[in-house]
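Trainee: Could you walk me through this one, piece by piece? I'd like to see how you get from the picture to an answer.

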Amino acid sequence: MKLDSMYQEIILDHYRNPHGRGLRDPFEAEVHHVNPTCGDEVTVRVHLTGGEGLDAKVEDLSYDALGCSISQAATSVAHDLLVGHTVGEAFETLEAYQTMVQGRGKVEPDEDVLDDAVAFAGVAAYPARVKCALLGWLAFKDAVAQAQAGGTS
Amino acid sequence: MTAIAPTAGTSAGGATLDVAKIREDFPILSRTVRDGKPLVYLDSGATSQRPRQVLDAERTFLETSNAAVHRGAHALAEEATDAYESARERIAAFVGADIHEVVFTKNATEAINLVAYGMSNASVGDGVDQAAERFRLGPGDEVVTTEMEHHANLVPWQELCRRTGATLRWFSVTPDGRLDLDSDEARSVINERTRVVAFTHQSNVLGTVPPVEELVRRARAVGAYTVLDACQSVPHAPVDLHALGVDFAAFSGHKMLGPSGIGVLYGRAELLEALPPFLTGGSMIELVRMEGSTYAPPPARFEAGVPMTSQAIGLGAAVDYLSAIGMDTVKAHENELTGAALVKLQDLPGVSIVGPRTTEARGGAVAFTIEGLHPHDASQVLDDSGIAVRVGHHCAWPLHRAFGVQASIRASFHVYNSMEEVDALVAGVRRAQEFFGVLPPSEPLRGGSA
């Protein structure tokens with residue numbers, strides 16, 4: 001059944017017990033993103049340390065989210081996969097993730113890069129849900145851009 | 001609930017609605033979705049399906065008489081213009097209006113914007129002419145709407161206020177999904193500063209039918225214009241705009257078994273005569289010189305450019321189709337489905353109706369939430385069962401905020417829906433609860449109403 005391929009156990013686990021949830025200090029940027037078609041909302045903070053640009057390290061990604069299981073679980077997985085990496089590595093993971101969920105099921109995900117996030121491959125079959133899967137991830141990208149713009153200006 | 005018909009047949013006012021027979025007119029309803037599941041289409045509040053009669057009317061027109069209307073003197077141009085104006089005449093009669101009071105627009109959103117921009121144009125600089133002065137808005141004036149509006153009947157008024165300096169005010173919604181018209185605060189919402197009162201004839205989320213007469217009475221008492229969003233009423237119940245006494249009204253073709261790309265603005269003849277145009281260009285002029293132009297009388301003044309033609313003819317056919325069934329019969333049928341859905345959904349543990357819980361002063365949109373289950377996730381399971389519902393805020397974000405919910409699930413009906421489909425919805429909701437393990441513990445996991 002397709003439904004099971006979308007709602008894999010990993011996704012439901014993250015939904016029920018989200019990792020890294022809650023807004024924490026310190027942070028350099030906070031963004032609020034909404035999905036205007038359904039009203040799902042996420043607030044994401046990033047805390048970057050060390051180098052500049054892609055070399056900076058994602059020290060923390062904290063968030064508060066209201067939304068469906070897909071958007072909540074996706075943000076939880078983003079926390080797991082992005083924190084502790086450089087911005088460059090995080091953006092590579094994000095790109096692989098985005099390519100997979102926007103791929104209409106035609107993109108073979110790289111498990112080495114995506115780890116738990118491969119569970120979201122099933123979402124690609126449902127175009128209406130792709131935005132849910134991307135909400136927290138794109139908020140992270142925006143937050144990093146704002147943090148680094150703020151840092152250099 | 002004693003009035004629920006056992007199966008497909010509905011008896012209403014002497015007329016019998018044979019749903020099975022009606023469904024034969026809608027080719028799309030016989031398809032399957034998601035690996036062979038019969039389609040259960042409960043999203044007519046968003047857009048309705050079209051019967052063969054409408055599709056045939058469009059095709060026949062295009063195959064025999066297609067031409068640009070109101071231009072040219074050749075045979076096809078004449079036939080096309082006749083067909084277009086005949087559609088206007090039947091649509092006008094369908095809603096109790098005169099033919100010159102019906103303006104074709106792209107959709108209801110454009111129709112409401114036409115009024116708002118017409119007023120806006122009357123408020124700019126010296127205005128357009130003396131007749132348009134009555135629509136001039138400025139600082140100190142007030143525009144009234146309600147918290148239960150679709151964004152289409154809210155955002156244009158926010159923008160009109162922003163452009164003119166007028167102030168937007170609104171009626172709130174009560175916890176049971178009615179307009180608060182009687183609290184101390186509500187009593188002063190319409191006052192001597194009010195110029196426009198824009199409100200829905202039936203909430204697209206709650207199904208609530210506000211007391212139009214009372215709102216019209218209050219607006220008239222202070223000389224304000226009324227603008228009725230009739231998108232969810234005209235497709236589902238008899239509507240007589242002259243009898244309602246509203247000044248303007250808007251509805252969309254695609255929600256009433258007709259084509260998309262066509263909507264209607266109704267305006268009282270005297271007001272359309274005075275309202276400045278919104279879109280300008282070809283067709284809508286009287287006399288054009290390099291120095292300036294004068295404009296055609298309504299409705300042509302508001303139909304700039306070559307209009308949508310097969311869509312108007314299709315909407316005419318939709319009106320014929322609905323009239324043949326009888327709008328009283330349509331209303332009674334949907335009322336039975338709504339009543340059954342309200343009862344059966346409320347019987348499910350964890351399900352809460354957003355809006356009135358009975359069919360009193362209420363139409364066939366049933367919005368609800370499920371405890372512990374996000375509407376998106378619920379709809380995914382419903383979709384997997386072949387059931388199409390709407391989820392989200394249904395273009396009524398402030399309304400959802402007022403109810404403290406982020407989103408809801410909405411089932412909405414039309415003449416082709418059956419009692420079996422209501423049961424399928426209820427079974428689907430249970431399946432969603434089981435799938436996500438959110439059935440309250442006291443409840444047995446299977447059986448019951450499913």
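Mentor: Sure, with one term first: helices (H or I, at least four residues) and strands (E, at least two) are DSSP runs, numbered from the N terminus. Also keep in mind that this model is predicted.

Trainee: Then between which two strands of chain B is B:Asp35 found?

Mentor: Look at the stretches on either side of this residue. B:Asp35 sits in a loop of chain B, and the elements flanking that loop are strand 3 (32-33) and strand 4 (37-38).

Trainee: And is B:Asp35 buried or exposed?

Mentor: The cut-off for exposed is over 50% relative accessible area. B:Asp35 comes out at 69%, so it counts as exposed.

Trainee: What is unusual about phi in B:Ala361, and what is its value?

Mentor: Most residues other than glycine have a negative phi. B:Ala361 lies in the loop between strand 15 (351-354) and strand 16 (365-370) of chain B, and it is partly exposed, at 38% relative accessible area. B:Ala361 is not a glycine, yet its phi is positive, near 45°.

Trainee: Which peptide bond of chain A is cis?

Mentor: Most peptide bonds are trans, so a cis one deserves a look. Find the loop between helix 2 (9-16) and strand 1 (29-35) of chain A, where A:Pro26 lies. With omega near -10°, the cis bond runs from A:Asp25 to A:Pro26.

Trainee: What is omega for the cis bond that joins B:Pro298 and B:Pro299?

Mentor: Head for the loop between strand 14 and helix 10 of chain B, where B:Pro299 is found. The cis bond there joins two prolines, and its omega is about 5°.

Trainee: B:Glu303 has a place in a loop of chain B too. Which side chain is joined to it by a polar contact?

Mentor: The loop of B:Glu303 runs between strand 14 (292-295) and helix 10 (310-325). At 9% relative accessible area, B:Glu303 is under the 20% cut-off, so it is buried. Its neighbours include B:Tyr84, B:Val102 and B:Phe104. The polar contact, 2.8 Å, is with the side chain of B:Arg88.

Trainee: Now the two chains. Which residues of chain B and chain A meet in a salt bridge?

Mentor: In this interface, 17 residues of chain B are in contact with 23 of chain A, and about 1,700 Å² is buried between the chains. The rule finds 1 salt bridge across it. At 3.2 Å, N to O, its partners are A:Arg129 and B:Asp377.

Trainee: Which helix of chain B supplies the largest share of the side that touches chain A?

Mentor: The rule also finds 11 residue pairs in polar contact across this interface. Two helices of chain B, helix 12 (375-384) and helix 14 (419-435), each supply at least two residues of the side touching chain A. The largest share, 6 residues, belongs to helix 12.

Trainee: Why is helix 12 of chain B largely enclosed by the rest of the structure?

Mentor: Look at its residues one by one: B:His376, B:Asp377 and B:Val381 are among the buried ones. The helix is largely enclosed because the count of buried residues is 9 of the 10.

Trainee: Which helix gives the most to the largest nonpolar core?

Mentor: That core has 80 residues, and those with the most contacts inside it include A:Trp137, A:Phe120, B:Phe368 and B:Leu425. With 11 residues, the top contributor is helix 6 (residues 127-152) of chain A.

Trainee: How many residues are in the other core that lies apart from it?

Mentor: This other core is separate from the one we just discussed. B:Ile91, B:Met148, B:Leu179 and B:Val354 are among its members, and its size in residues is 74.

Trainee: Last one: with which residue does B:Glu192 form a salt bridge?

Mentor: There are 28 salt bridges over all chains. B:Glu192 is exposed at 62% relative accessibility, while its partner is partly exposed at 36%. The closest N and O atoms of the pair are 3.4 Å apart, and that partner is B:Arg193.

Conventions. Residues are numbered from 1 along each chain as its sequence is written. Chains are lettered from A and ligands numbered from 1 in the order in which they are written. This is a predicted model: local features need pLDDT of at least 70, side-chain atom pairs count only at pLDDT 80 or more; totals for chains, interfaces and linings use all residues. Side-chain values use heavy atoms; hydrogens and water are left out. Contact means heavy atoms within 4.5 Å. Buried area is the accessible area (1.4 Å probe) that two parts lose on being put together, summed over both. A salt bridge is a side-chain nitrogen of Lys or Arg within 4 Å of a carboxyl oxygen of Asp or Glu. A polar contact is a pair of N or O atoms within 3.5 Å; within protein, one must be able to donate a hydrogen and the other to accept it, and residues adjacent in sequence count only if both atoms are side-chain atoms. A nonpolar core is a set of buried Ala, Val, Leu, Ile, Met, Phe, Trp, Tyr and Cys residues joined through side-chain atoms within 4.5 Å. Buried means under 20% relative accessible area, exposed over 50%, partly exposed in between (1.4 Å probe, protein chains only). Lists of a residue's contacts leave out its neighbours within four places in sequence.
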